[in-house]
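Subject: The structure to look at

Hi,

Here is the structure I promised to pass on. Have a look at it first, and then read my notes underneath.

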Amino acid sequence: MYRIGIFVLALVLLPQYAAASDSAVPASSDSISSTLQGAPPQAANAPQADAATGDKRADFAREPASRDVRHIADWVVDSGDNRGLPFVIIDKTEARIFVFDASGRIRGAAPALLGIARGDDTVPGIGERELSKIRPEERTTPAGRFVAERGTSIRGKNTEDIVWVDYNSGVSLHRVINSNPRDRRLERLATPTPADNRISYGCINVPAAFYNEVVNPSFTGTSGIVYVLPEIRPVRQVFGSYDVEVRNQYAVQAPQNTTLAGTLPTTTQ
């Protein structure tokens, strides 16, 4: 009788368990809704979610990138921190720029020139000072999350289109400036290592072709988010980011742990 009771109980519970398991794994990325209220629907060509875990990750294609860059890109896509806008990641340690569309698909990557001084913070009021009065140790490219927009800059008699990253600090993303031959900026961009890519007053210089073909179209008719990775502080401290795989594993396990915890006896210690 005991074995018959177990068999009958299994027949009753098995269909319910199977139904619960099927609903826990989305059939496709289209069934995954955004966690942000009012966020735009996922684009048809958006990076696909992992069918087993539900993780949403950035699509780097075959572009190599550091662990911190991949961490932030995946977090942006999974959390929706870019609010449906194209986004850019600046890796100061490797002196590289990565541009993504709103869905997290990479549009291009290139070397970049950055502020000559190491540091994650900008000097207060530096955007109002003349360049000649900014000391070398103050020429940092600040780390952080910035809402960036296209704008213009006057250089001598010429007006150039740029992307303002931090307007108050005078930090922008623009084509490489080659007006001073002693800076050797074109040569610095061409070298295979980031050791000589620190030369600017804080602005982010990129190859002109990359700006024209990747950056400019990405910001045409829209703003975007620029994530400048730190080189002193931990990246998670600056952005409050999380590891996508670990977070989603915890989210899946948490209900199970809660159920198990509820069956344990309590103590009166």
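**Lys92 and its surroundings**

Let's start in a loop: Lys92 sits in the one that links strand S1 (87-91) to strand S2 (96-100). Keep in mind as you look that this is a predicted model.

Is Lys92 buried or exposed? Its relative accessible area is 2%, and because the cut-off for buried is under 20%, Lys92 counts as buried. What does its side chain meet there? A polar atom of the Lys92 side chain lies 2.6 Å from the backbone oxygen of Thr141. If you skip the neighbours within four places in sequence, Lys92 still touches a list of residues that includes Leu114, Asp120, Thr141, Arg198 and Glu231. Val228, Leu229 and Pro230 are also among its contacts.

**The strands on either side**

S1 and S2 run antiparallel and are joined by 5 bridges. One of the pairs to find on screen is Ile89, with Phe98 in S2 as its bridge partner. Together the two strands make a hairpin with 4 residues between them, and Ala95 in that turn has a positive phi of about 55 degrees.

S2 also pairs with strand S3 (residues 106-111), again antiparallel and again through 5 bridges. Here Phe100 stands opposite Ile106 in S3. This second hairpin has 5 residues between its strands, and Gly104 takes a positive phi near 100 degrees. Since 4 of the 5 residues of S2 are buried, that strand is largely enclosed by the rest of the structure.

Gly104 comes up once more. Its C-alpha atom is 9.4 Å from that of Lys56, although the two residues are 48 apart along the chain. Lys56 lies in the loop between helix H1 (2-24) and H2. With a relative accessible area of 13%, Lys56 is buried too.

**Helix H2**

H2 covers residues 67-79, which makes 13 residues. From its first C-alpha to its last it reaches 18 Å, close to the 18 Å expected at 1.5 Å a residue. How many of its residues are buried? The count is 10 of the 13, so H2 is largely enclosed by the rest of the structure. Among the buried ones are Val69, His71, Ile72, Trp75, Val76 and Val77, and Asp74, Asp78 and Ser79 are on that list as well. Right after H2 comes Gly80, whose phi is positive, near 75 degrees.

**The whole chain**

Now zoom out. The chain has 6 helices and 10 strands, and 41% of its 269 residues are buried. Of the contacts between residues at least 6 apart in sequence, 60% join residues at least 24 apart. The chain exposes about 15900 Å², with carbon and sulfur atoms supplying 55% of that area.

**Where to be careful**

The average pLDDT of the chain is 79, and 72% of the residues score at least 70. Over residues 1-45, though, the pLDDT is below 50, even though this stretch has 23 contacts beyond near neighbours in sequence. Residues 257-269 also stay under 50, and there the model has 0 contacts beyond four places in sequence. Where pLDDT is low, the predicted coordinates should not be read in detail.

Cheers

Key:
Residues are numbered from 1 along each chain as its sequence is written. This is a predicted model: local features need pLDDT of at least 70, side-chain atom pairs count only at pLDDT 80 or more; totals for chains, interfaces and linings use all residues. Side-chain values use heavy atoms; hydrogens and water are left out. Buried means under 20% relative accessible area, exposed over 50%, partly exposed in between (1.4 Å probe, protein chains only). A polar contact is a pair of N or O atoms within 3.5 Å; within protein, one must be able to donate a hydrogen and the other to accept it, and residues adjacent in sequence count only if both atoms are side-chain atoms. Contact means heavy atoms within 4.5 Å. pLDDT is the predictor's confidence in each residue, from 0 to 100. Accessible areas come from the Shrake-Rupley method with a 1.4 Å probe; for residues, only the protein chains shown count as cover. The expected span of a helix is 1.5 Å times one less than its number of residues. Two strands pair if DSSP finds at least two bridges between them.
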